[in-house]
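This report describes the fold, the aromatic contacts and the charged pairs of one protein chain. The sequence and the structure are shown first.

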Amino acid sequence: LPICRERGGLWLLKALNHLATVRMKQARPQEALKALQEVEGSVNATLSDDEHEEAWEFWETIYRNFGWVLSNLGKGEEAISYIQRAIDVKERVGRSATWFDLW
């Protein structure tokens, strides 16, 4: 992670997202949440609205991961709101929700 932090950009975002996934598999959801929050904060601070829309697949993945983490932390309503965000992002670009979005 230190090398990815040094490189920044996509290197850091991908590393943090992968770190969140690993932390969830290690049953460490609070650490996963912290990594995802860093991703979301970093991207929101640097992307314009147009760039935000162009990165819909990124947001779909991040929002779904937030839902997974928050569900594990017992924050069901917040988890559902993130899953809905993932679905909304797909629908804005003409994609339908799949079974994977709804489980």
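Does Tyr82 count as buried or exposed? Tyr82 has a relative accessibility of 9% and therefore counts as buried, since the cut-off for a buried residue is under 20%. This value, like the others in this report, is computed from a predicted model.

**Overall architecture**

The protein contains 7 helices and 0 strands, and its elements follow the pattern α-α-α-α-α-α-α along the sequence. Its radius of gyration is 14 Å, close to the 13 Å that the globule rule gives for 103 residues, so the protein is as compact as a globular protein of that length. The C-alpha trace spans about 35 × 35 × 20 Å along its principal axes.

Of the 103 residues, 36% are buried. The exposed area of the protein is about 6700 Å², and 53% of that area is supplied by carbon and sulfur atoms. When contacts between residues at least 6 apart in sequence are considered, 44% of them join residues at least 24 apart.

**Aromatic pairs between helices α5 and α6**

The whole structure holds 5 aromatic pairs. Tyr63 and Tyr82 form one of them, with a tilted arrangement, 5.9 Å from centre to centre and 55 degrees between the planes. Tyr63 belongs to helix α5 (residues 56-72) and Tyr82 to helix α6, so this pair ties together parts that are 19 residues apart in sequence. Tyr63 is buried, at a relative accessible area of 9%.

Phe66 and Tyr82 form another aromatic pair, which is stacked: the ring centres lie 4.4 Å apart and the planes meet at 20 degrees. This pair also links distant parts of the chain, with Phe66 in helix α5 and Tyr82 in helix α6, 16 residues apart. Phe66 has a relative accessibility of 1% and counts as buried.

Ring pairs join Tyr63, Phe66 and Tyr82 with Phe58 and Trp59 into a cluster. Tyr63 also takes part in a contact with a charge: the charged end of Arg85 sits over the ring of Tyr63, 5.6 Å from the ring centre. A further arrangement of this kind involves Arg7, whose charged end sits over the ring of Trp11 at 4.2 Å from its centre.

**Salt bridges**

The count of salt bridges comes to 6. Three of the pairs are set out below, with the distance from nitrogen to oxygen.

| Pair | N to O distance |
|---|---|
| Glu38 and Arg5 | 2.5 Å |
| Arg64 and Glu60 | 2.8 Å |
| Lys90 and Glu60 | 3.5 Å |

Which parts of the chain does the pair of Glu38 and Arg5 tie together? Glu38 lies in helix α3 (residues 29-46) and Arg5 in helix α1 (residues 2-7), so the salt bridge connects parts that are 33 residues apart in sequence. Both partners are partly exposed: Glu38 has a relative accessible area of 31%, and Arg5 has one of 40%.

The salt bridge of Arg64 and Glu60 lies within helix α5, where the two residues are 4 residues apart, about one turn of the helix. Arg64 counts as buried at 18% relative accessibility, and Glu60 is buried with a relative accessible area of 9%.

Glu60 also meets Lys90 in a salt bridge. Lys90 lies in helix α6 and Glu60 in helix α5, so this pair ties together parts that are 30 residues apart in sequence. Salt bridges also link Arg23, Arg28 and Glu31 in a network.

**The surroundings of Lys90**

Lys90 is found in helix α6, which covers residues 76-92. How exposed or buried is Lys90? Its relative accessible area is 8%, so Lys90 is buried. Leaving aside residues up to four places away in sequence, Lys90 touches Trp56, Glu60, Arg95, Ser96, Thr98 and Asp101. Glu60 is thus listed among the contacts of Lys90 and is also its partner in a salt bridge.

**Summary of the α5 and α6 pairing**

Helices α5 and α6 are joined by aromatic pairs, including Tyr63 with Tyr82 and Phe66 with Tyr82. The salt bridge between Lys90 and Glu60 joins helices α6 and α5 as well.

Methods. Residues are numbered from 1 along each chain as its sequence is written. This is a predicted model: local features need pLDDT of at least 70, side-chain atom pairs count only at pLDDT 80 or more; totals for chains, interfaces and linings use all residues. Side-chain values use heavy atoms; hydrogens and water are left out. Buried means under 20% relative accessible area, exposed over 50%, partly exposed in between (1.4 Å probe, protein chains only). Contact means heavy atoms within 4.5 Å. Rings of Phe, Tyr and Trp (its six-membered ring) pair if their centres lie within 6.5 Å; planes under 30 degrees apart count as stacked, over 60 as edge-to-face and the rest as tilted. A charge sits over a ring if NZ of Lys or CZ of Arg is within 6 Å of the ring centre and within 35 degrees of the ring normal. The radius of gyration is taken over C-alpha atoms; the globule rule is 2.2 Å times the number of residues to the power 0.38. Accessible areas come from the Shrake-Rupley method with a 1.4 Å probe; for residues, only the protein chains shown count as cover. A salt bridge is a side-chain nitrogen of Lys or Arg within 4 Å of a carboxyl oxygen of Asp or Glu.
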